[in-house]
Amino acid sequence: MNDFTLIRDIERYLEGEMNEQERTAFEALRQSNPAVNEQVLMHQQLIQQLDQYGQRVAFQEKMDKIHASMAIDEVLAPSKTATPKKVFTISKRLVTNMAAAACIALVTSLSTIAFMQNANRQNTKAQYEDVRRVLNNIQRSQNALINDINSKKKAPANPGTYGGTGFAISNNGYVVTNYHVIAGADSIYIQNTKGEAFKAASVFEDISSDLAILKITDSTFKGQPLPYTLKPQHALRGEAVFTLGYPRDEIVYGEGYISAQTGFNGDSAAYQVSIPVNPGNSGAPLMDSKGDVVGIVTGKQTTSDGIAFAVKSAHLKRLLEEMPKDKLPKKEWNHKNRLGGLTRVDQVKKLEDFVYMVKVYN
Amino acid sequence: MKHNQNIERDRELLLGLTRNDDRALATIYTENYPSILRMVLQYNGSEDDAKDLFQEAMIILYEKAQKGEFDLYSKLKTFLYAVCRHLWLKKLQTGSWQLALPDELKEVLPAEDGNTMAEHEEKDQQFRVMEMTMGNMGEPCKTILEDYYIRKLSMQDIAEKFGYTNSENAKNQKYKCLMRLKKLFFEQYKS
């Protein structure tokens, strides 16, 4: 039996074209011959496959037809809207991202603004009285600081110390203050706690230690004997000190202690002092417990709290000695301390009269 | 209630599909294609991708329905959408797309249909083999076989169409063709 007859027989068998006799014979052959049986099964499978193939092709054709008919109305419509839709969905994503980014940016900038404003407010609060009172002075002080830094001289401090206080070093109208308070001033006025103002002029300036000696030129000024002395020795670390200054219109008392024997950037002519210091305190006297002047407040470190600097009184003393004798007779500033046994309240009460507000106009 | 009604309608459509009712097919096709198109476009596919994808899903539906074993317990739309997503996922994984797999696709993979897909793949494989074999058959064998087995023409009609003197001759020709087809098909299929 060749392949052709076999396939014909199988086909006829499966199609039901065989008569009874033939089918019985073929079924017998199928049973006796496994190879024939296998061929029958394979044939069945093939026909089935072919059928499915046909169905699928037909189905596909139908779908294509539907698809094509849709193309006129519906596919075009979705594709028209769908293509922009694609863009739209992308942009929607973008929008989400952008919105997120914008939110972050907004939060960042707002918090930055809030932070800056807060920082600013702190600054302005601290300087509030001072700014109103001696605005020019502050500007000038800042300029002085810049000049100091530029000329690489010993800087009194970081920006943040502004002038405003001076104290008497003699009973005939000599007052010491910071150089940066009066630098470049047209006119200087000294005001005491009673509100009396006197015109003053700078007679000596030492830029390197940021000190200036003023002479009250007003004839109305009447000197008093000083109750304190300039202490020639160095104050020791840990020594209690206090100060009187004009960070406001009113004289303000503050106390602290000597923190270190050198000042800003290791300046050996100054102390580091832990004492509340505000703009306007510049030039304020730093007193020890006996009421003797151990230093002159010059500035503070802006980067950290509680760090102030004061020029040592010994330095001031040396300066005074260097001054031309005709300007400041020695005996004028060599006094006896009369505050030693008093309570702090009494010391301050007495000292107030010798601590002045320095007003600078230009 | 509404949900059930919808399923009833879908069931009827499916029955129509089983009966080769063209209108049922058209309804299913036109109602569901746009959402698939949107999905594919959303994942940066083309309109042709959408068409291929949807038609493949339709074939799966059709063949399942033909087998009579398909019990619809979700909406047709849901079924087609899930299948399309699955197919699209596969395409992204294995095809020429070198895109990263969208997470959304991973999440909505039809868990139910592992079997359906395996079955479909096998059938698809068979289909491709048959398609190729038929393509290699040459005339008149291809047309004779198609006419007889697919278009279900009678041997008489085929004999007339091809100018055979009688249906016996046509049959003999068909047997020869069938023999070749069988040989070619199983060569391919088994390899």
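1. Helix H3 of chain B has 21 residues, which at 1.5 Å a residue should span 30 Å, and because its end C-alpha atoms lie 30 Å apart, the expected and computed lengths agree. The model is a predicted one, and this helix is a convenient place to begin reading it. Within H3(B), the buried residues are B:Ala50, B:Leu53, B:Phe54, B:Gln55, B:Ala57, B:Met58, B:Ile60, B:Leu61, B:Tyr62, B:Glu63 and B:Lys64.

2. Some of those residues recur in the packing of H3(B) against H2(B), where B:Ala50, B:Leu53, B:Phe54 and B:Met58, together with B:Glu47 and B:Asp49, meet B:Tyr29, B:Tyr33, B:Ile36, B:Leu37, B:Val40 and B:Leu41 of H2(B). By class, the residues of this contact divide into 10 nonpolar and 2 charged, with no polar residue among them. The axes of H2(B) and H3(B) come within 9 Å of each other and cross at roughly 130 degrees, so the arrangement of H2(B) relative to H3(B) is described as oblique. The crossing of these two helices is right-handed.

3. A second helix pair in chain B, H7(B) with H8(B), the latter covering residues 155-162, has axes that come within 10 Å and cross at roughly 155 degrees. With that angle, H7(B) is roughly antiparallel to H8(B), and H7(B) passes H8(B) in a right-handed crossing. On the H7(B) side the contact is made by B:Ile144, B:Asp147 and B:Tyr148, and on the H8(B) side by B:Met155, B:Ile158 and B:Phe162. The contact of H7(B) with H8(B) holds 5 nonpolar residues and 1 charged residue, and no polar ones.

4. Taken as a whole, chain B has 9 helices and 0 strands, and its elements accordingly run α-α-α-α-α-α-α-α-α from the N terminus on. Of the 191 residues of chain B, 29% count as buried. Among the contacts in chain B between residues at least 6 apart in sequence, 57% join residues that are at least 24 apart.

5. Chain A, in turn, has 7 helices and 12 strands. Of its 362 residues, 35% count as buried, and residues 24 or more positions apart account for 65% of the chain A contacts with a separation of 6 or more.

6. For the interface between the chains, 35 residues of chain B are in contact with 32 residues of chain A. On the side of chain B that touches chain A, at least two residues each are supplied by H2 (22-42), H3 (47-67), H6 (114-137), H7 (141-150) and H9 (167-190) of chain B. H2(B) gives the most to this side, with 11 residues. By class, the side of chain B that touches chain A has 22 nonpolar, 5 polar and 8 charged residues.

7. One residue of chain A is worth checking in the structure, namely A:Ala270, which is found in strand E8 (residues 270-274) of chain A. A:Ala270 counts as buried because 29 other C-beta atoms lie within 10 Å, where 20 or more are needed for a residue to be called buried. Leaving aside residues up to four places away in sequence, A:Ala270 touches A:Thr262, A:Gly263, A:Phe264, A:Thr298, A:Phe309, A:Ala310, A:Val311 and A:Lys312. The C-alpha atoms of A:Ala270 and A:Ala260, which stand 10 residues apart along the chain, are separated by 8.9 Å.

Terms used
Residues numbered from 1 in each chain as written. Chains lettered and ligands numbered in written order. Predicted model: local features only at pLDDT ≥ 70, side-chain atom pairs only at ≥ 80, totals over all residues. Contact = placed C-beta atoms within 7 Å. Helix = DSSP H or I, 4+ residues; strand = E, 2+ residues; numbered from the N terminus. Nonpolar A, V, L, I, M, F, W, Y, C, P; charged D, E, K, R; others polar. Axes fitted to C-alpha atoms, helices over the stretch in contact; angles between N-to-C directions. Parallel < 35°, antiparallel > 145°, perpendicular 65-115°, else oblique. Left-handed = near helix turned anticlockwise from the far one by under 90°. Buried ≥ 20, exposed ≤ 12 C-beta atoms within 10 Å, placed from the backbone. Expected span 1.5 Å × (residues − 1).
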